[in-house]
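Me: Please take a close look at one part of this model, beginning with a single residue of the backbone and moving on to its metal sites and interior. Please give the cut-off behind each term where it is used.

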Amino acid sequence: MTILKVAVDVPLDSLFDYLAPDSAPPPPPGTRVRVPFGRRRPVGLVVAHAESSDLPPDRLKAIIEPLDAAPLFDPALLKLLDWTARYYQEPPGLVVAAALPAPLRQGKPLPEPPARVSARGPAPDAMRKRAPKQAALLDLLATAPRRTDDPNLPPGWRAAAARLVARGLVDIEAEPAAAAWTAALAGPALNEAQAAAAAAIIADLGRFSARLLFGVTGSGKTEVYLSAAAECLRRGQQVLVLVPEIGLTPQLVQRFAARLAAPVAVLHSALAGGDRLAAWADARSGRAAVVIGTRSAVFAPLARPGLIIVDEEHDPSLRQQEGLRYSGRDLAVMRASLTGIPVVLGSATPSLETLRHAREGRYGLAHLPERPGAASHPRVALVDLRRHPATEGLSAPLLKAMRAHLEAQGQVLLFLNRRGFAPALFCTSCGWVAECRHCDARYTWHRRAGRLRCHHCGDDTALPGACPGCGADLRPAGEGTERLEDALGREFPGLRIARIDRDTTQRRGSVDRILDDVHAGRTQILVGTQMMAKGHDFPGVTLVGVINADQGLFGADFRASERLAQTLVQVAGRAGRADRPGEVLVQTSYPEHPLLQRLLTGGYEAFAEAALEERRAARWPPFSHLVMLRADAARPGLAMSFLGACREALGMREGLLVLGPAPAPMERRGGRWRAQLLFQSDSRPVLRGALAVLRERAPELAEGRGLRWFFEIDPQDLF
Ligand code: ADP
Ligand code: ZN
Ligand code: ZN
């Protein structure tokens, strides 16, 4: 008797046992099955076979039907799914659901790979009258064989082809996936550092290694990826590339496709279900040579995995923050290790975690210190806002520099990490401030839309004409990208100004259009948020202005300074990529702040060195491990008392520091009151032990009724 261990997408922390049908061989691990589950018939994934079950035989049910002829996931990937569930303390079914494209989750079949349809000859005359459709198809195929996914095949051709196959007039043969790709790589000759980095990666093909590729922006990291990828493809192995956000980096996809001249599949959540499934199937069948995707692509099956690349490894978007919470980067390293292939983590501003691994020799390190060719590093200077106050975000020195660069035909990029017109709206007479009715937060005024919007819960409400308290006029405070755009329009009449933020990039293709205009030189000034700082290449930009660096200087989160340093360096890196030297102006009210001074004089490395020392002294990650228990409730106080009871239930434990419970810094959000309890330890086993106790005890606590709570492993934002 074979017992199937099945992961079912229900919020229960276990696998479920089912009987395999006796008639056929049992569905192998990695295949989907439909199972009876209460009154539902969900799709599950067989993750293992077993000889026996803890359930009494009369309670074991048989599966309803197998759904796949062959496994969707290979053993290494099944191990990764299992590891993910254990490490992140999530139900195995939830992990499997995150790994499967929606149509497969719903039980739809895996699409068949395209096949080649060919005719043995043109249609005989007799057929043209009797069966004109079949004849037309035969004639078409006689000119040249087609692929089954060829859009030029006439509608309904499959039925006609089936009859012709039966009569021996047409053949349909599965197209074998290429055994290897030529990966013609026409590109710049690599400089010494690039060549060394590529050679080191190539030398590791076929075995596990993790390597940080630390190269300043524009130093040619992508050329190193391409070079190593080309060699991997020539050996017939696929390359998986993880990027923070694909919509923002269409250039990277094009560059891989064009330079490697091999099929590239793109996987991200904004794709329509069918497209995503097709890309997934191509990855699995080995038809796609390169698979480029966002964090969830770390679970994409690969027929012949050879190399994993994580670009911008420091980027917080590589982490999934909802549902299954995981780090795509960390899982990429684990997957490479389970598969026995190299993984490359690339960044100009590596995370302190990765940097420490590299320093202590657990990861290899390849450095690209220079920009190739004539491109030089940008000059960075601070503008002291106390001496040069800004009006609507713009100080006199910044305006002066903008004029000079624009006159010299350079483009200007201004970074402001706040969308909307103004982050607050207040009454000039009584001091009333427009605050979200669901959150402890202010509404942002979106003037174009004429709305007040909460950036924390998404609430969207009409703009009051006057102060609801006293009827006086309302005034905006501070500035967002909309306001900056307006101010620039007045300062630089006649110039074309574009804005990149979440409001201007909602529609599909809008990012591409904005970027095209910048690249073609039609746009002179570009205003944008964080979105713009991600991996774009703006060769014509010679001046970058950071409107306000101060938001990140005094952040409560221990990662705030790391984030700020990364953003500043990334934004600065957009300038002066081509042969014109770039200039960067950073507006701040705290020019003497050590973080800014260190960045200015020593660059990211000097910053990171000091930041690692601070983390070591304070025992923050990467010098300790963290787990956050978060709870929220519809009424105040409940989350706090639940977490207090959790702390009590756990008691003191050797080697474990428990911080809290504390209300979340924004306690009320989206109408729920939130609190958190933080666990810190040097030892993962100690943390796991504490979690195990809590997972058992917490559900029994009376204080937990009506509450939502969950663990977050390695939380990125403590607040
Ligand atoms: P990164 O990925 O580090 O930001 P890229 O690989 O995009 O850098 O390279 C930046 C620019 O420099 C690109 O236009 C690229 O074509 C060019 N480049 C990279 N390596 C070389 C090289 N060895 N010789 C000449 N140009 C290069
Ligand atoms: Zn008022
Ligand atoms: Zn809100």
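Reply: E392 is partly exposed, at 22% relative accessibility; here buried means under 20% relative accessible area, exposed over 50% and partly exposed in between, with a 1.4 Å probe and protein chains only. The model is predicted, so local features need pLDDT of at least 70 and side-chain atom pairs count only at pLDDT 80 or more, while totals for chains, interfaces and linings use all residues. Residues are numbered from 1 along each chain as its sequence is written, chains are lettered from A and ligands numbered from 1 in the order of writing, and side-chain values use heavy atoms, leaving out hydrogens and water.

E392 has a positive phi near 45 degrees, although this residue is not a glycine. Its place is the loop between β19 (379–384) and α13 (396–407); helices (H or I, at least four residues) and strands (E, at least two) are DSSP runs numbered from the N terminus. A261 likewise has a positive phi of about 45 degrees without being a glycine. That residue sits in the loop between α9 (250–260) and β12 (264–267), and A261 is exposed, with a relative accessible area of 56%.

Two cis peptide bonds also deserve attention. One joins P621 and P622, with omega about 5 degrees, and P622 belongs to the loop between α17 and β30 (625–633). Another joins G660 and P661, again with omega about 5 degrees; P661 is placed in strand β31 (residues 657–669).

P188 is a further loop residue, lying between β9 (170–174) and α7 (192–203). It is exposed, with a relative accessible area of 53%. Neighbours within four places in sequence aside, P188 is in contact with E223 and R259, contact meaning heavy atoms within 4.5 Å. P188 and P372 are 184 residues apart along the chain, yet their C-alpha atoms are separated by 9.7 Å.

The metal sites come next. For the zinc ion (ligand 3), the protein donors are the SG atoms of C436, C439, C454 and C457, at 2.2 to 2.3 Å; donors are N, O and S atoms within 2.8 Å of the metal (3.2 Å for Na, K and Ca), and since water is not among the atoms, sites may look incomplete. The arrangement is tetrahedral because the four donor atoms subtend angles of 104 to 114 degrees, the criterion for four donors being that all angles lie between 85 and 135 degrees. Along the sequence the donor residues are spaced C-x2-C-x14-C-x2-C. C436 is in the loop between β21 (424–427) and β22 (444–446), and C457 in the loop between β23 (451–453) and β24 (460–462), so this pair ties together parts 21 residues apart in sequence. C436 is buried, at a relative accessible area of 3%, whereas C457 is partly exposed, at 29%.

The zinc ion (ligand 2) has C427, C430, C467 and C470 as its protein donors, each through SG, at 2.2 to 2.4 Å. Angles of 102 to 115 degrees between these four donor atoms make the site tetrahedral, and the spacing along the chain is C-x2-C-x36-C-x2-C. Here C430, in the loop between β21 and β22, and C467, in the loop between β24 and β25 (474–477), link parts of the chain 37 residues apart. C430 is partly exposed, with a relative accessible area of 46%, while C467 is buried at 5%.

In the interior, the largest nonpolar core has 110 residues, and F73, L81, F299, L526 and F679 have the most contacts inside it; such a core is a set of buried Ala, Val, Leu, Ile, Met, Phe, Trp, Tyr and Cys residues joined through side-chain atoms within 4.5 Å. Helix α17 (residues 594–618) gives the most to this core, with eight residues. Residues up to four places away in sequence not being counted, L81 touches L45, F73, V95, V96, A99 and F299. Another core, of 32 residues, lies apart from it and has Y225, V239, A289 and V344 among its members.

Conventions. Tetrahedral: all angles 85-135°; square planar, octahedral: opposite > 155°, others 65-115°.
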